[in-house]
Amino acid sequence: MIVVSGDGLVGRDADVEGIEEAFRHTRLVTLTGPPGAGKTALARVVAARRGARVVDADAGPAALAQIGASADEFVVVDGCDRALELLVPYIGVMLQRRPELSVLATCRQSLALPGERVVALRELGPGHRAELLERLGVTAPDELLRRADGLPLTLVLLAAALRRGETEGPLLDLLWDAGHDGPPRHAAMRTAIGWSHERCTPGERLVWARASVFDGGFDLEAAQAVCGDDDVTPAVAALVDKSLLVRSETTEGVRFHLPATVRAFGAEWLGRAGERAATEHLHFRHFRALARRAEAEWQGGQLRWYRRMRLERGNLITALDSRLTDPGGADDAQDLAGTLWFLWACCGLQREGADQLARVRRAGGSPGPEQDKALWTAAWLHAALGDPDAAEEALYACTNQGPPRLTQVSAWVAAQRGVFPEALRLIRDAREGHRRDADLFPGFLPSYTVIATTLLRMGDLPGAARVLREGRELCVTTGEIWTRSHLDHLLAQVALLRGDVHEALRSAREALAVARQFGDAAASAAGVELVGVLTRNGALLASADRAWAGMEGLRSPVLAEIRDRAPAVAAAPGLGLDGAVDLALTADEPTGWEA
């Protein structure tokens, strides 16, 4: 059900336009969507605007008589899935016999009739969810909103729960309203979804239940690995057709997801079947294998794997959770958490990665290479977050103190503490080890960043420039773009400090463009701030300040010094980080800046 204000619907204007556009090309439009998407309410609003008759499929054979007896040129047939075998042939015949007739049907699946156009209702976006709850006179806690989905019936029943003062417990247990004024099946979300469950085959129900372990969606490969005894493609297609699985096109291919309430219903059935532990283990195995593949291919496909693994972020955390809640899963958890170093460190998830690795460490786990890898990753993240004490503590906990990657983090920590000669000695030792091990990334190439930052803090601008140019050339030769963006940012700082503001702006923008591609908020904030200094743009500087307020420890001391030495700039309102990046990449050239 969608709350209606006058004849307006919350967040459905585009869907109304889609229906009207479809009728310009056909005489049969079917409105589909998951249980609770608001198909009936939307269809009735369209009917009211056209002055059309609404035929309720619950009337059974009488519905046929109502359609046949109507002299209207436009008829709404609501709830066709409740009498599919009866209604579909009849609608097809009537459309053939009466060329002037147009039909808007609501159904959880396509009617599969000639000429049909389908308009699929999706969940409401965050802004419309808030608007609907506001119209209902309630405010939902953020945590509860994160658990719910954007189906209008979910929100209507959630409002009823909030009025009763209920906010805790399983999601489906909250979503009911004995005084609901719609159809009885809409008085509880469990009932609305259960009606669809009854119309699924046993195989479809099994795939639905198993798919409930996914968080944030999945592709067909994952569905086969986690949900399938046999080929799952037919069941997935059927669940999509029945509006239980939502299909979407992404830059990384076709993905599917269950709305939160549909997922919760499937999870209940998975538990009843006694398959939760086995399915969660299959889920973990699939995503650990994916993480290992991404790690192995990261050097040659960074942006491709960034896009893929950010899509899988929810599944990766869920996979970690499943092992951390298993008494025997600590070793698996530390293996996965360490393998994901590239996601935590290179994709803007430094704080989240550090928190996840802390959870993994508290769970224990066997000493060995996997544990050392997780500790090295944690040390790297703590150094990036500006916490040298935590970085050192993680390094000292490693069983094997020899690997050059550990030495490199130690060099970074020494530079953060201002012990610059020791930092240069350690990074030299680390680089020798990287050459020996043929560790280009995350070993040798990022070492240029540590050396250059140390030289910058020592005031050696010519030395820093030489190191940065050499490192950047090697990055270009090897196709490594993540490190190159960091080197470009440092080159911009060097150019600015040497008085070449035009070269500084060029390098800063090159770095910022790549940082945006990786979704790296810290690197983006640094780029926005540096461009703001160079262009004397108060809006960019205010935007950077706003961004840094939520990223304690990630701002570099050199950038802070540059900002402190920069000429005063007139205050201006700040932007969100995305808008600030857009502005920084197009802001006017500087008129001059004295170092």
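1. Helices (H or I, at least four residues) and strands (E, at least two) are DSSP runs, numbered from the N terminus. With that in hand, T106 sits in strand β6, residues 102-106.

2. A word on the basis: this is a predicted model, where local features need pLDDT of at least 70, side-chain atom pairs count only at pLDDT 80 or more, and totals for chains, interfaces and linings use all residues. Residues are numbered from 1 along each chain as its sequence is written, and side-chain values use heavy atoms, with hydrogens and water left out.

3. T106 has a relative accessible area of 2%, so it is buried (under 20% relative accessible area, 1.4 Å probe, protein chains only). Leaving aside residues up to four places away in sequence, T106 touches (heavy atoms within 4.5 Å) L31, K39, A43, V77, D78, G79, C80 and D81. For G79, the backbone nitrogen lies 2.7 Å from a polar atom of the T106 side chain.

4. Now the pockets. A pocket is an open set of points on a 1 Å grid over the protein atoms alone, where a 1.4 Å probe fits, with protein on both sides within 12 Å along at least five of seven lines; lining residues have an atom within 4 Å of a point. The largest pocket has a volume (the space filled by probe spheres set on the points, joined across faces, edges and corners) of about 980 Å³. Its lining has 44 residues, and A384, W412, T449, T453 and H486 are the closest to its centre.

5. Helix α24 (440-458) is among the helices that each supply at least two residues of this lining. The largest share, seven residues, comes from α24.

Key
Buried < 20%, exposed > 50% of the residue type's maximum accessible area, 1.4 Å probe, protein only. Polar contact = N/O pair within 3.5 Å; in protein donor to acceptor, adjacent residues only side chain to side chain.
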